[in-house]
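User: I am a first-year student, and I would like a close look at the interior of this protein. Please explain its aromatic pairs, its disulfides and its internal spaces in one connected account.

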Amino acid sequence: MPPWLLGSLCCVLAARAALGGGPAGAEATEEEEEEKLIRVLVLLPQDDAYLFSLGRVRPAIEYAVRSLRESGAGLPPGYAFQLTYEDSACGNRALFSLVDMVALQRRRPDLLLGPVCEYAAAPVARLAAHWDVPMLSAGALAAGFGAKGGEYSHLTRVAPAYAKMGEMLLALFRHHQWNRATLLYSDSNAERSCYFAMEGVHVVFQEEAFHMAVHSFDESSRHFDLDDLVRALQSGERVVIMCASGDTIRNIMLAAHRQGMTNGDYAFFNIELFNSSSYGNGSWRRGDKHDLEAKKAYSYLQTVTLLRTVKPEFEKFSLEVKSSAQKQGLHEDDYVNMFVEGFHDAVLLYALALQEALKFGFSKKDGEKIVQQTRNRTYEGIAGQVSIDANGDRYGDFSVIGMTDPEAGTQEVIGDYYGKQGRFEIRSNVKYPWNHGRLRLDENRASEHPNNTPCKSSGGLGESAVTGIVVGALLGAGLLMAFYFFRKKYRITIERRTQQEECNMGKHRQLREDSIRSHFSAA
């Protein structure tokens, strides 16, 4: 071969190798690209009836991804997100979508965002732990998910769990030196948000041995009787914590006002879930004939909500989310709620955790190591600082809103709770509506059974009285024997019926953590 031809061939081969043109070079490039491609599976419902629907949350997720890409500092060089959205339907479809992606498409996700609904999130979280895939969600807020030692080990919650709200209410009760409460909640929707919210409160209060009366109702039922509900409140504790829709809370307060319960003898608290007006946001005004009466009633109601902070970037974020949602036909009062903020912040948290894991020599496939880097971390979210505790749960910062001007009906923040510090701060010059600034709690209220029968001394018993006693004793003995055989005969039937009734009542009456976990096991 001529020397000039040999030299040319060598140059071509060298150039091709440098450009990765050979089969080996192409495979290496593909592997490198695959290593830096972060596959994200988003599991949220398509139905816009949910506050965390894909139509509402998707713009926030894509805003976060775009911000990381444009900043150049959010992700390691060359890394990129590939987003796949699937309809969770707030049920088993979330699990099926994950299994289909792995089994049929042969592509395991590197990150799961969602689900939110408890019954959808439970099986997905178990599979995420089994497959070593990080799962970040602004949902799955029930107390049962707090046990991260086993099946929920890969779950990080970027919104405050319901138990965090329970800790806030515990701090509030300690401030007022209360230890008794009535928990009243609506249990009328599929995701059972108020049920799980009150369960979180119940778990925290139960640990402190607080006395609680629990009442639930279905506000969508035609058998719902508001007067019966208020009478139940009158026989319960004087501090009432409620969770229901805004209109139902208003109707309860109107009924309580008409029954004379807004005179300083009762304290009412309303939980506003998710920073959304869909749940009671403390507003008494409806523009109807009951506004004046509602304003008076609401002077005895205080609303617990997530603490709101405003950053310059948050305004831009809100406008963009609103514009995207409106293009999809969504028109409402509040476009940015806790879920929208939470999933935005989840993307940022994962990016930070991935960077830390890579520094220690791990890869995106080391899910457990990435999950560990999400714990015990404070970072800047879209609306302010976000702090995740050692258990992978976000600390909750909350505010209490009350009526500061009963004449005008003005409502303002009167207290703030900072979850990471466990500190409750009351604003200055706050005047409480209950009597003399301190509510009088009757410690014997639930167990008091007054006996008005006078105790008299009989100087002696006549003959007729003795005869009556003997005859009565014989009759009593006969009745006891009859009851014994009757009870023995029907005991099994009674026990079976009791068990069935307890099972049916358990859904609404029991707020124990083990009952919630049994629901998860069946999910």
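Analyst: The account below takes the aromatic rings, then the disulfides, and then the cavities and a pocket. Please bear in mind throughout that this is a predicted model.

Let us begin with the aromatic rings. The count of aromatic pairs comes to 16. In one of these pairs, the ring centres of Tyr63 and Phe317 lie 5.2 Å apart; their planes stand at 75°, so the pair is classed as edge-to-face. An angle over 60 degrees is what that class requires. In the sequence these two residues are distant, with their positions 254 residues apart: Tyr63 belongs to helix H3 (residues 54-71), whereas Phe317 belongs to helix H11 (residues 312-327). Tyr63 and Phe317 are both buried.

A second pair shows another geometry. The rings of Phe173 and Phe210 have centres 6.1 Å apart, and their planes are at 25°, so this pair is stacked. The cut-off for a stacked pair is an angle under 30 degrees. Phe173 sits in helix H6 (residues 162-176), while Phe210 sits in the loop between helix H7 (193-207) and strand E7 (211-217); the pair therefore ties together parts that are 37 residues apart in sequence. Phe173 and Phe210 are buried as well. These two residues also belong to a wider group, for one aromatic cluster is formed by Phe173, Trp178, Phe205, Phe210 and Phe269.

Aromatic rings can also have a charged side chain over them. Arg192 is placed over the face of Tyr195, 3.7 Å from the ring centre. Likewise, Arg238 lies over the face of Tyr266, and here the distance to the ring centre is 5.4 Å.

We now turn to the disulfides. There are two disulfides by count. One of them connects Cys90 with Cys117, with an S to S distance of 1.4 Å in the model. The angle about its S-S bond is -50°, and the link of Cys90 and Cys117 is left-handed. Cys90 is found in the loop between strand E2 (80-87) and helix H4 (93-103), and Cys117 in the loop between strand E3 (111-113) and helix H5 (118-131), so this link ties together parts that are 27 residues apart in sequence. Cys90 and Cys117 are both buried.

The other disulfide connects Cys194 with Cys243, with an S to S distance of 2.1 Å. The link of Cys194 and Cys243 is left-handed too, with -70° about the S-S bond. Distant parts of the chain are linked here, since Cys194 lies in helix H7 and Cys243 in strand E8 (residues 239-243), 49 residues apart. Cys194 and Cys243 are both buried. When the bonded cysteines are counted along the chain, the disulfides follow the pattern 1-2, 3-4.

The remaining topic is the space enclosed by the protein. The structure contains two cavities of 30 Å³ or more. The volume of the largest cavity is about 110 Å³. Its lining consists of 13 residues, and those nearest the centre are Pro160, Met165, Leu273, Leu306 and Phe398. Two elements, H6 and strand E10 (301-306), give two or more residues to this lining. The largest share comes from E10, which gives three residues. By class, the lining of the largest cavity has 11 nonpolar residues, one polar residue and one charged residue.

The second largest cavity holds about 60 Å³ of space. Among the residues that line this cavity are Cys117, Glu118, Tyr162 and Phe339. Cys117 has already appeared above as the partner of Cys90 in a disulfide. The lining of the second largest cavity divides into seven nonpolar, one polar and two charged residues.

Finally, consider a pocket, which is an open space rather than an enclosed one. The second largest pocket has a volume of about 320 Å³. Its lining has 16 residues, and Met403, Thr404, Val430, Lys431 and Tyr432 lie nearest the centre. Strand E13 (397-405) and strand E14 (410-418) each supply at least two of the lining residues. E13 gives the most, with three residues. This lining comprises eight nonpolar, six polar and two charged residues.

Key: Residues numbered from 1 in each chain as written. Predicted model: local features only at pLDDT ≥ 70, side-chain atom pairs only at ≥ 80, totals over all residues. Heavy atoms only, no water. Phe/Tyr/Trp six-rings, centres within 6.5 Å; stacked < 30°, edge-to-face > 60°. Helix = DSSP H or I, 4+ residues; strand = E, 2+ residues; numbered from the N terminus. Buried < 20%, exposed > 50% of the residue type's maximum accessible area, 1.4 Å probe, protein only. Lys NZ or Arg CZ within 6 Å of the ring centre and 35° of its normal. Disulfide = S-S within 2.5 Å. 1 Å grid on protein atoms, 1.4 Å probe; cavity = no way out; pocket = protein on both sides within 12 Å on 5 of 7 lines; lining within 4 Å. Points joined across faces, edges and corners; volume = space filled by probe spheres on them. Nonpolar A, V, L, I, M, F, W, Y, C, P; charged D, E, K, R; others polar.
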